[in-house]
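Student: I have a structure open and some time before my next spin. Can you walk me through it?
Tutor: Sure, ask away.

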Amino acid sequence: MKNSIEKLFDLTGKVAIVTGGAMGIGKGIAMRLSEAGAKIIIVDIADKKEAKSILKDISENGGHAHYIQADLSDMGTLKYIVDQTIKVYGDIDILVNNAGVFTYSPVTELTEALWDKTINLNLKAVAFLSKLVVNKMIEKKHGGKIINISSIDSIKPTGNLSQYDASKGGVRMLTKAFAKEMGKFGINVNDIAPGGINTPGVKKIAGANLTDAQQKAMDAQMEQFVSMLPLQRMGEPKEIGNAALFLASDASNYITGTTIVVDGGLLIM
Ligand SMILES: NC(=O)c1ccc[n+]([C@@H]2O[C@H](COP(=O)([O-])OP(=O)(O)OC[C@H]3O[C@@H](n4cnc5c(N)ncnc54)[C@H](O)[C@@H]3O)[C@@H](O)[C@H]2O)c1
């Protein structure tokens, strides 16, 4: 029994690309997939110094990881990422499109620059990196798993994040569209919609350019928000890693084109 369950979640011999894996949710996902035996390619805009902690954690745990520093919103880098992955580990079995930016703007102040910045990274890069990766999977005739990180904001807008919400709504529909076309090649495409996860990105938006008084008010708002969550706490990156492990493993082989919400009950608040 134990052996068959371990086998179900065993990713030994698999190669996974995790975008935005230097910190936050991507780091939690990279760690979980590595613990299950996958070799990890971390792609992130952060310099190698910032990515050092995840690379160290993986290697100390007996895993293998390689770092590619790249700006995913530059479409010119996407082919390089795929080519480097093949060069370093020989194949690609799993792609986790996690990198994303939270950008704040009331709709009355929305600028084209903010729209482009958000859509280019959160949606366009997901489409075009996935396109390159599924083509490799089709060429190699071994199927694979694509896991996109959307957001609860793709289901219910928080407010003052319209460009972000549109990008994440796009990711959810892109997931379904890719899933429909890729099923016949044995490629499963799903997304995870996180909400309320404790990460540097969430802390940054909560603390962006605030005066002491504003910061106090924001902290109080945050405390109230957490107390209203059905599970009464923020989630941790590894808890998104758990859902990613399920979607990357054989345990989810008959699941495609769907969304797993991991939000401590935020959507039913
Ligand atoms: N934290 C949450 O509660 C939450 C909720 C809903 C959705 N999400 C989504 O989860 C994903 C990860 O969020 P997070 O909270 O861990 O964010 P984060 O800001 O803590 O981490 C994002 C990572 O992406 C990298 N990155 C940013 N821009 C990049 C670029 N242009 N090219 C390559 N890498 C880049 C950053 O360096 C960082 O390592 C995002 O797509 C986000 O929208 C998070």
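Student: Let's start with Tyr-164. Is it buried or exposed?
Tutor: Tyr-164 has 6% relative accessibility, so it counts as buried. Keep in mind that this is a predicted model.

Student: How many aromatic pairs are there in the whole structure?
Tutor: The search finds 1 aromatic pair. Its members are Phe-102 and Tyr-164, in a tilted arrangement. The centres are 5.4 Å apart, with 35 degrees between the planes.

Student: What does the pair tie together?
Tutor: Phe-102 is in the loop between β4 (94-97) and α5, while Tyr-164 is in helix α6 (residues 162-182), so the pair links parts that are 62 residues apart in sequence.

Student: And Phe-102, how does it count by accessibility?
Tutor: Phe-102 counts as partly exposed, because its relative accessibility is 37%. The cut-off for buried is under 20%. Tyr-164, at 6%, counts as buried.

Student: New topic. How many cavities of 30 Å³ or more turn up?
Tutor: The whole-structure search gives 1 cavity of 30 Å³ or more. The largest cavity holds about 40 Å³ of space.

Student: Which residues line the largest cavity?
Tutor: The lining is Thr-19, Leu-72, Asn-97, Ala-99, Leu-121, Ala-125, Val-126 and Leu-129. Helix α5 (residues 112-140) gives the largest share, 4 residues.

Student: How does that lining of the largest cavity divide by class?
Tutor: There are 6 nonpolar residues, 2 polar and no charged in the lining of the largest cavity.

Student: OK, pockets. What is the volume of the second largest pocket?
Tutor: The second largest pocket has a volume of about 220 Å³. It is lined by 16 residues, and the closest to its centre are Lys-14, Gly-144, Lys-145, Ala-248 and Asp-250. Two elements give two or more residues to this lining: α1 (2-8) and β5 (144-149).

Student: Which classes are in the lining of that second largest pocket?
Tutor: The lining of the second largest pocket has 6 charged residues, 6 polar and 4 nonpolar.

Student: Now the strands. How much of β2 is buried?
Tutor: Strand β2 (residues 39-44) is mostly covered, with 5 of its 6 residues buried.

Student: Which strands does β2 pair with?
Tutor: Strand β1 (residues 15-19) runs parallel to β2, joined by 5 bridges. Strand β3 (residues 65-69) also pairs with β2 in the parallel sense, over 5 bridges.

Student: What stands opposite Ile-41 in those strands?
Tutor: Ile-17 stands opposite Ile-41 in β2. Ile-41 also stands opposite His-66 in β3.

Student: Which helices go with these strands in β-α-β units?
Tutor: Helix α2 (residues 24-35) makes a right-handed β-α-β unit with β1 and β2. Helix α3 (residues 48-60) makes a right-handed β-α-β unit with β2 and β3.

Student: Last thing, backbone. What is phi of Lys-141 near?
Tutor: Phi of Lys-141 is near 55 degrees, a positive value in a residue other than glycine. Most residues other than glycine have a negative phi. Lys-141 sits in the loop between α5 and β5. Lys-141 is exposed, because its relative accessible area is 75%.

Student: And Asn-160, where does it lie?
Tutor: Asn-160 lies in the loop between β5 and α6. Its phi is near 65 degrees, again a positive value in a residue other than glycine. Asn-160 has 37% relative accessibility, so it counts as partly exposed.

Conventions:
Residues numbered from 1 in each chain as written. Predicted model: local features only at pLDDT ≥ 70, side-chain atom pairs only at ≥ 80, totals over all residues. Heavy atoms only, no water. 1 Å grid on protein atoms, 1.4 Å probe; cavity = no way out; pocket = protein on both sides within 12 Å on 5 of 7 lines; lining within 4 Å. Points joined across faces, edges and corners; volume = space filled by probe spheres on them. Nonpolar A, V, L, I, M, F, W, Y, C, P; charged D, E, K, R; others polar. Buried < 20%, exposed > 50% of the residue type's maximum accessible area, 1.4 Å probe, protein only. Pairing = 2+ DSSP bridges. Right-handed = clockwise from strand over helix to strand, strands pointing away. Phe/Tyr/Trp six-rings, centres within 6.5 Å; stacked < 30°, edge-to-face > 60°.
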